[in-house]
Amino acid sequence: MPPKLPVPPSLLDLARNQAGLVSSEQCDAAGAGPSVRRNLVARGGWRRLTRGVYDTGRTPDDLHPFDVDRLRAAWTALLANRHAIAVGACALVLHGVQGLPRRITPEATFARGVARRSRDGITFRQYASELATVEVQGRQVVEIVQALAQALPTLSRDQAVACLDSALHQGLINAEDLTAIRRRLVNRRGSRRVLDWLPLADGRAESPPESHARLRLHDAGIAPDDLQRDFFDERGRFLGRADLAWHLGAGRWLIVEIDSREFHGADRQVRHDAVRQNGLAGEGQNIVLRFFPGHVTGGHLAGEVALVLRREGWQPDCALPPRPARWRSTAGQRGHRQRAQPE
């Protein structure tokens, strides 16, 4: 077996930050010249994606494979030309927005409307007006309001609302930005339907599965009364935060929990979720239902929730008890909440 070719550690670290990809220019700067790259490809250690872009196979260990796929698309477009600017869904990925489809098209543009021919699955777009950009990991990315206006018309309703929820939840945009997005979408081809989706956005959603669940329930006419509601016992101890909640009267609630992961990685996480769910049950006072993303897409969620609401005599638009003030003890602080963090 031929010895492995040495690859500078700094280059591999850079590749991990770029979903496993590096450019020829980055390789040259690190000392991995053309002959080294040819040999790495020939031996099967690396793969050439397009002219000037190589896949080293070194992806971040802490990312879900779907996230890696999205990042690869964004970095493929950026690394294919040093002057490229990430746009649309690729820009949203680099801003950290969640909710996009697993597979997105690598796309970029160039300053001053310079045209480039698309190649190898990479779409180079041309915009008549100048785009505002920000720097992400040393590369130019269109700012988020423009990126959302570009990407939303290409998405389904559920994907679009989940992206808006994610951007709002992370503080990347605010209510004024939603108005700016609406202005940018008016008279834009294929954007009429998107205008109807903007009012559905809610920054309290903590994950795309929660956004999808809320939309399913909205469509069924049983939208939740409250989102991300904190629950405490009579002594003020924090019991948990409910993803979706319906007030059933007399201090009773139907609580729906949406797990962001189909499988947990450790028994400790399973036990943590069980304690949180038991707390939300409130010694039998509340009804707690738990669903996985597959239940949401499979259509089980709305039917099961509707069945409980009918049985309990729930009425929409009823007056809700005030949201409880956040308990100030250590148990109620952000770092100690009994809440599984979404992926």
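Okay, Leu-244: this residue lies in strand 10. Strands here are DSSP runs of E of at least two residues, helices are runs of H or I of at least four residues, and both are numbered from the N terminus. Is Leu-244 buried or exposed? At 2% relative accessibility, Leu-244 counts as buried. By buried I mean under 20% relative accessible area, with exposed being over 50% and partly exposed in between, using a 1.4 Å probe and protein chains only.

Before I go on, a word on what we're looking at. This is a predicted model, where local features need pLDDT of at least 70, side-chain atom pairs count only at pLDDT 80 or more, and totals for chains, interfaces and linings use all residues. Residues are numbered from 1 along each chain as its sequence is written, and side-chain values use heavy atoms, with hydrogens and water left out.

Back to Leu-244. Leaving aside residues up to four places away in sequence, Leu-244 touches Ala-213, Leu-217, Pro-224, Asp-226, Leu-227, Leu-254, Ile-255, Val-256 and Ile-258. A touch, or contact, is heavy atoms within 4.5 Å. There's also Ala-205, which sits 39 residues from Leu-244 along the chain, with 9.2 Å between the two C-alpha atoms.

Let me zoom out for a second. The chain has 13 helices and 12 strands. Of its 343 residues, 50% are buried. And if you take contacts between residues at least 6 apart in sequence, 63% of them join residues at least 24 apart.

Next up, helix 10. Which residues of helix 10 are buried? They are Pro-208, Pro-209, Glu-210, Ser-211, Ala-213, Arg-214, Leu-215 and Leu-217. So you'll recognise Ala-213 and Leu-217 from the list of residues that Leu-244 touches. The cover over those buried residues includes helix 7, strand 9 (226–232), strand 10 (238–249), strand 11, helix 12 (293–298) and helix 13.

A quick length check on that helix: at 1.5 Å a residue, its 12 residues should span 16 Å, and the end C-alpha atoms are 17 Å apart, which agrees. The expected span, by the way, is 1.5 Å times one less than the number of residues. Just after helix 10, Gly-221 takes a positive phi of about 80°.

On to charges. Side chains of opposite charge can pair when their charged atoms come close. I'm calling something a salt bridge when a side-chain nitrogen of Lys or Arg is within 4 Å of a carboxyl oxygen of Asp or Glu. How many salt bridges does that rule give? The count comes to 20.

One of them is between Asp-219 and Arg-157, at 2.7 Å from N to O. Asp-219 lies in helix 10 (residues 208–219) and Arg-157 in helix 7 (residues 157–169), so this pair ties together parts that are 62 residues apart in sequence. Asp-219 is partly exposed, with a relative accessible area of 48%. Both residues belong to a network of salt bridges that links Arg-157, Asp-158, Arg-216 and Asp-219.

Another salt bridge pairs Arg-252 with Glu-312, at 3.1 Å from N to O. Here Arg-252 lies in strand 11 (residues 252–258) and Glu-312 in helix 13 (residues 300–312), so the pair ties together parts 60 residues apart in sequence. Arg-252 is partly exposed at 25% relative accessibility, and Glu-312 is partly exposed too, at 22%. Glu-312 also forms a salt bridge with Arg-311, where the closest N and O atoms are 3.2 Å apart. Arg-311 counts as exposed, at 57% relative accessibility.

Now a charged residue in a different setting: Glu-107, in strand 5 (residues 107–109). Glu-107 counts as buried, at 9% relative accessibility. What does its side chain reach? The side chain of Glu-107 gets to the backbone nitrogen of Ala-89 at 3.3 Å.

Last stop, some strand pairing, where two strands pair if DSSP finds at least two bridges between them. Strand 7 (residues 133–136) and strand 8 pair in the antiparallel sense over 4 bridges, with Thr-133 partnered by Val-142 in strand 8. That hairpin has 2 residues between the strands, and Gln-137 takes a positive phi near 50° there. Strand 8 (residues 139–142) also runs parallel to strand 4 (residues 85–86), joined by 2 bridges, and Ile-85 has Gln-140 as its bridge partner.

Key. Polar contact = N/O pair within 3.5 Å; in protein donor to acceptor, adjacent residues only side chain to side chain.
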